[in-house]
Amino acid sequence: MNLFDTVSAAIKDAMLARDKVRLQALRGIKKEFLEAKTAPGSDGNLSDDTALKILVKMAKQRRESASIYSQQSRPDLAEAELAEVAVIEEYLPKALTDEELTAELTKIIARVGAASPADMGKVMGVATKELAGRADGRAISAKVKEMLAK
């Protein structure tokens, strides 16, 4: 079962459970998936890779919104955004720990043959594709910078 079908089934379960927060988040996910499926140039199918990118983007947007709401002293709105992030993250792969990220990046740096900070672009291109959904782009960038500076 692909992510689209999984989310569709979860919507039904949330309706039966009368879980409004979960239902709202899942409907938002399905909306984004449907828009991607029907976008110009799309073949009408949604690969799990594309769905994963959409979920990462949605989680990032919700976290940024929650941060803004917190800064503006609106904890009620921030809490709602973070509740949606929790639902979205259920469908994302487990995030890498700092040690796991370092290990993955070490392998990528060795494979690409990077030796100096000038090779950061090569490493980032491969790392962002391979670690999509499992690590934040900023975290990858900072770790690559640190590793190549040695």
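Leaving out neighbours within four places in sequence, V56 is in contact with L92 and G133, where contact means heavy atoms within 4.5 Å. V56 itself lies in helix 3, and at 32% relative accessibility it counts as partly exposed. On that scale, buried means under 20% relative accessible area, exposed means over 50%, and partly exposed is in between, using a 1.4 Å probe and protein chains only. V56 and T102 are 46 residues apart in sequence, and their C-alpha atoms are 21 Å apart in space.

Before going on, a word on what you're looking at. This is a predicted model, in which local features need pLDDT of at least 70 and side-chain atom pairs count only at pLDDT 80 or more, while totals for chains, interfaces and linings use all residues. Residues are numbered from 1 along each chain as its sequence is written, and side-chain values use heavy atoms, with hydrogens and water left out.

## The chain as a whole

What does the secondary structure come to? It's seven helices and zero strands, so the order from the N terminus simply reads α-α-α-α-α-α-α. Helices here are DSSP runs of H or I with at least four residues, strands are runs of E with at least two, and both are numbered from the N terminus.

The C-alpha trace spans about 55 × 45 × 30 Å along its principal axes. Of the 150 residues, 32% count as buried. Take the contacts between residues at least 6 apart in sequence: 58% of them join residues at least 24 apart.

As for the surface, the chain exposes about 9,300 Å², and carbon and sulfur atoms supply 54% of that. These areas come from the Shrake-Rupley method with a 1.4 Å probe, and for residues only the protein chains shown count as cover.

On charge, there are 24 positive and 23 negative side chains, and the centres of the two sets lie 2 Å apart. Lys and Arg count as positive, Asp and Glu as negative, with His and the chain ends not counted. Each charge is placed at NZ of Lys, CZ of Arg, CG of Asp or CD of Glu.

## One aromatic pair

How many aromatic pairs does a search of the whole structure find? Just one. F4 and F33 make a tilted pair, 6.4 Å centre to centre with 40° between the planes. For the cut-offs, rings of Phe, Tyr and Trp (its six-membered ring) pair if their centres lie within 6.5 Å; planes under 30 degrees apart count as stacked, over 60 as edge-to-face and the rest as tilted.

The pair links distant parts of the chain, with F4 in helix 1 (residues 3-17) and F33 in helix 2 (residues 20-37), 29 residues apart. F4 is buried at 12% relative accessible area, and F33 is buried at 0%. K37 joins in too: its charged end sits over the ring of F4, 4.0 Å from the ring centre. That label applies if NZ of Lys or CZ of Arg is within 6 Å of the ring centre and within 35 degrees of the ring normal.

## Charged residues that count as buried

E81 is found in helix 4 (residues 75-89). Is E81 buried or exposed? It counts as buried, because its relative accessibility is 17%. Apart from neighbours within four places in sequence, E81 is in contact with R62, S65, A66 and Y69.

K143 is in helix 7 (residues 137-149) and is buried as well, with a relative accessible area of 10%. Not counting residues up to four places away in sequence, K143 touches D98, L101, T102 and L105.

## Positive phi in two loops

Two residues that aren't glycine have a positive phi; here they are together.

| Residue | Phi | Loop | Relative accessible area |
|---|---|---|---|
| R18 | about 55° | helix 1 to helix 2 | 74%, exposed |
| S73 | near 60° | helix 3 (48-71) to helix 4 | 59%, exposed |

## Distances across the chain

T97 lies in the loop between helix 4 and helix 5 (98-112) and counts as partly exposed at 35% relative accessibility. T97 and A135 are 38 residues apart along the chain, with their C-alpha atoms separated by 8.6 Å.

A142 is in helix 7 and is partly exposed, at 46% relative accessible area. A142 and N2 are 140 residues apart in sequence and 32 Å apart in space, C-alpha to C-alpha.
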